[in-house]
Amino acid sequence: MKREKITFKGSQNTELSAEIHFPADDFPHNYIVFAHCFTCNKNLNAVRNIILGLTKKGFAVLSFDFTGLGQSDGDFADTNFSSNIEDIVLASEYLEKEYSSPTMLVGHSLGGAAVLIAAAKIDSVKAIATIGAPAQADHVLHLIENKKEEIIESGGAKVNIGGRSFKIKKQFLDDLQSKDNLSKIEELRKSILILHSPQDETVDISNAAAIYERAHHPKSFISLDQADHLLSKKEDSIYSGEVIASWAKRYVQFNKQAKISTDSQTVAFIGGKDQIYTTQIIAEGHHLVADEPEKVGGNNFGTSPYGLLTSALAACTAITLRMYANRKNWEVDEILVHVDHDQRYDKDSKDCESSDSKITFFDRTIEINGDLDDEQKKRLIEIANKCPVHKTLESKIKVETREKDNN
């Protein structure tokens with residue numbers, strides 16, 4: 001995904017580090033603010049995977065580090081749940097001023113509890129999605145239970161959360177305990193999607209039930225079966241992002257026509273090294289994702305470039321056969337085209353410079369099911385060899401490359 005690094009003023013009047021992730025065509029139909037979990041940061045792998053699922057569907061997503069976390073300025077010890085809510089509101093105001101008002105908030109864990117409160121303060125927000133969110137903000141106190149008495153008596157203490165040390169002050173506890181999320185949820189009149197795992201050992205599934213019970217329709221629930229709280233399995237975080245994006249179509253306004261930031265038929269975009277090989281593609285207005293398998297260092301978020309090439313041949317063959325069968329009014333029920341690609345030695349090829357040269361082979365097997373005689377099937381196989389992509393692959397091809405002048 002295309003990414004722009006930004007900063008904006010947070011609740012403590014310090015600079016907060018943020019990123020805006022854009023879809024490949026650079027023209028999002030909606031903007032989202034994403035709030036991560038307690039003591040996490042925007043670089044968590046699960047966060048990036050969820051955002052990828054959203055940008056693939058044309059959303060732009062602003063993710064940021066709360067005050068005192070990650071790359072953001074400020075002292076975490078001076079923050080609390082209220083300041084987190086204010087940071088979300090200020091992130092939304094930044095989007096409104098510099099890009100476009102956000103229409104959706106997404107929050108994970110305590111970030112989910114925060115977006116449920118922040119949404120009431122942001123008029124442009126029409127939809128909210130929570131992932132593993134506690135019903136009440138003070139749920140996180142169980143993480144520091146062994147230090148709670150010390151914090152109350154001395155005004156603060158060092159606590160270990162997720163293997164990292166943080167200073168928690170008494171004001172943090174007081175602020176959490178003063179918040180009644182459930183009563184605020186009852187007052188909320190915005191669409192809500194609740195995602196939660198029945199196996200979540202950090203925030204029990206009963207929290208999702210409590211949020212759902214208090215929320216007004218339209219409200220939806222998705223069970224993230226077998227997922228852990230941090231969505232550490234890649235497939236769980238990718239699934240969450242894709243589900244949220246699909247659900248949101250009912251509740252936010254999508255542009256009727258996607259804008260394309262290229263005069264060419266296709267544009268491909270690959271981000272920084274953290275994205276490895278994941279490439280977003282806009283082809284004639286349609287979004288695709290290309291990648292490499294995990295065994296060669298990719299994320300396997302999409303098919304490989306050669307997979308796209310064999311797909312083009314298979315699809316063109318199927319379409320050509322369907323067109324021909326329809327024109328002839330032949331009874332063809334279904335067509336399946338299987339294609340494999342390989343590089344082989346071919347000593348008999350006239351195009352080889354030497355007998356040891358390799359040439360590109362496409363093995364294509366065609367299944368045609370329908371009420372056809374042998375002559376009709378034979379004719380369809382002949383027509384398959386006339387499909388435009390087939391002809392292109394067998395023709396002399398030249399690729400001209402130049403650097404784009406952005407001045």
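A residue counts as buried when its relative accessible area is under 20%, as exposed when that value is over 50%, and as partly exposed in between. With these cut-offs in mind, this predicted model can be described from the whole chain down to single side chains.

The protein has 407 residues, of which 46% count as buried, and its secondary structure comes to 11 helices and 15 strands. The C-alpha trace spans about 90 × 45 × 40 Å along its principal axes. Among contacts between residues at least 6 apart in sequence, 64% join residues that are at least 24 apart.

At the start of the chain, strand β1 (residues 2-9) runs antiparallel to strand β2 (residues 15-22), and eight bridges join the two. One of the residue pairs is F8 with its bridge partner L16 in β2. The two strands form a hairpin with five residues between them, and in the turn N13 has a positive phi of about 60°.

The structure holds 12 salt bridges, including the three listed here.

| Salt bridge | Closest N to O |
|---|---|
| R3 and E19 | 3.7 Å |
| K9 and E15 | 3.3 Å |
| K179 and D175 | 3.0 Å |

Is E19 buried or exposed? Its relative accessibility is 3%, so E19 counts as buried, whereas its partner R3, at 30%, counts as partly exposed. R3 lies in strand β1 and E19 in strand β2, 16 residues apart, and both belong to a network of salt bridges that also includes R48.

In the second pair, K9 is partly exposed at 44%, and E15 is partly exposed at 28%. In the third pair, K179 is partly exposed at 25%, while D175 is buried at 10%.

Definitions and conventions: Residues numbered from 1 in each chain as written. Predicted model: local features only at pLDDT ≥ 70, side-chain atom pairs only at ≥ 80, totals over all residues. Heavy atoms only, no water. Helix = DSSP H or I, 4+ residues; strand = E, 2+ residues; numbered from the N terminus. Buried < 20%, exposed > 50% of the residue type's maximum accessible area, 1.4 Å probe, protein only. Contact = heavy atoms within 4.5 Å. Pairing = 2+ DSSP bridges. Salt bridge = Lys/Arg side-chain N within 4 Å of Asp/Glu carboxyl O.
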